[in-house]
Amino acid sequence: MAVLTLSAVPPPIAAGARADAFPPFLPKQVENIKDSYARKLASRIERLPVNLSDNCIMSSCVKPLVKGETNPVVLLHGFDSSCLEWRYTYPLLEDAGLETWAVDILGWGFSDLEQLPACNVANKRNHFYQLWKSYIKKPMILVGPSLGAAIAIDFAVIHPEAVEKLVLIDASVYAEGTGDMANLPRAIAYAGVSILKSFPLRFWVNVLAFRGLPLSTNLDWTNVSGEAALSISMVGGCFS
């Protein structure tokens, strides 16, 4: 059995490291990130075509370098986040010899949102299923924190053939939808997302979550968490 040790604080980064080449669809602010783990994972993000009933979504994810014979580990991110959430975990899983995917949930992350359908639960599930059916093609060990756990549970119930095991982290699965929030005027919804995107709020959350980090690290991690928010072009239904 492989034993993986995870830490909130990364090892020291060697000075003079080579700059990573980022895909052109990422926000230009990614160039300002200093965290080498975030930069390396960002450089590996790809967009894969995922065909839905009425359009094709160029969907962002990190693919494994090598596909193995065992069932893959597939990582979903939490609310208002992206596959960069897994920047420290992903290389550990790969080093352990596991075929690992990190997938952006429909409506979040770095997918091309120009043709974005309504981001309700059914569309999130269908988008993920079509990606799985087209590219992963094997039963998964499906990992999800927070919102990702809710997506994972819903997916496993509807498509049990696609899931070998579930790993849930601080699962947010008890509320039944968004209630009246789904009927908010678009201007109010945009205002809510603007607050979530705001640097002061993200910085304060980062300080509360990771006590004792240097100011420079907190600032950099705040920039990492903000990249997905910068990529969102629509908010209708993203909270479903």
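Visitor: In what pattern do helices and strands follow one another along the sequence?

Guide: Read along the sequence, the chain of this predicted model follows the pattern α-β-β-β-α-β-α-β-α-β-α-α-α. The chain has seven helices and six strands. Of its 240 residues, 42% are buried. Among contacts between residues at least 6 apart in sequence, 66% join residues at least 24 apart.

Visitor: In what order do the strands lie in the sheet?

Guide: The six strands form an open sheet in the order β1-β2-β4-β3-β5-β6, and the pairing is mixed. At the edges stand β1 (45-51) and β6 (163-169), each of which pairs on one side only. Direction ignored, neighbouring strands of this sheet are turned by 30 degrees against each other on average.

Visitor: Where can the mixed pairing be followed in detail?

Guide: Strand β4 serves as an example. With β2 (residues 56-62), strand β4 (residues 100-103) pairs in the antiparallel sense over two bridges, and Cys-61 stands opposite Val-103 of β4. With β3, strand β4 pairs in the parallel sense over four bridges; here Val-73 has Thr-100 of β4 as its bridge partner.

Visitor: How should one read the two faces of such a strand?

Guide: In a regular strand, side chains alternate between the two faces of the sheet. In β4, Thr-100 and Ala-102 lie on one side, with Trp-101 and Val-103 on the other. These four residues are all buried, and both faces of β4 are thus covered.

Visitor: Which elements supply the largest nonpolar core?

Guide: The largest nonpolar core has 26 residues. At least two residues of this core come from each of β1, β2, β3 (73-76), β4, α3, β5 (140-145) and α4 (147-158). Helix α3 gives the most, with six residues. Apart from this core lies another, of 19 residues, including Leu-41, Ala-42, Ile-45 and Trp-86.

Visitor: Which residues have the most contacts inside the largest core?

Guide: They are Met-140 and Leu-142. Leaving aside neighbours within four places in sequence, Met-140 is in contact with Pro-72, Val-74, Phe-128, Trp-132, Phe-155, Ala-162, Val-163, Glu-164 and Lys-165.

Visitor: How is the packing of two helices described?

Guide: Two packed helices are described by the angle between their axes and by the distance between those axes. For α3 and α4, the axes come within 10 Å and cross at roughly 70 degrees. Angles from 65 to 115 degrees count as roughly perpendicular, and α3 and α4 are therefore roughly perpendicular to each other.

Visitor: Which residues make the contact between α3 and α4?

Guide: Helix α3 contributes Val-121, Lys-124, Arg-125, Phe-128 and Tyr-129, while α4 contributes Ile-151, Asp-154, Phe-155 and Ile-158. By class, the contact of α3 with α4 has six nonpolar residues, three charged residues and no polar ones.

Visitor: Is His-127 buried or exposed?

Guide: His-127 has its place in helix α3 (residues 121-136). Its relative accessible area is 2%. Buried means under 20% relative accessible area, so His-127 is buried.

Visitor: With which residues is His-127 in contact, leaving aside its neighbours within four places in sequence?

Guide: His-127 is in contact with Val-50, Leu-52, Ile-57, Ser-59, Asp-104 and Leu-106. Of the elements already described, β1 (45-51) is an edge strand of the sheet, and β2 (residues 56-62) is the antiparallel partner of β4.

Definitions and conventions. Residues are numbered from 1 along each chain as its sequence is written. This is a predicted model: local features need pLDDT of at least 70, side-chain atom pairs count only at pLDDT 80 or more; totals for chains, interfaces and linings use all residues. Side-chain values use heavy atoms; hydrogens and water are left out. Buried means under 20% relative accessible area, exposed over 50%, partly exposed in between (1.4 Å probe, protein chains only). Contact means heavy atoms within 4.5 Å. Two strands pair if DSSP finds at least two bridges between them. Axes are lines fitted to C-alpha atoms, for helices over the stretch in contact, and angles run from 0 to 180 degrees between N-to-C directions. A nonpolar core is a set of buried Ala, Val, Leu, Ile, Met, Phe, Trp, Tyr and Cys residues joined through side-chain atoms within 4.5 Å. Angles under 35 degrees count as roughly parallel, over 145 as roughly antiparallel, 65 to 115 as roughly perpendicular and the rest as oblique. Ala, Val, Leu, Ile, Met, Phe, Trp, Tyr, Cys and Pro count as nonpolar, Asp, Glu, Lys and Arg as charged, and the others, Gly among them, as polar.
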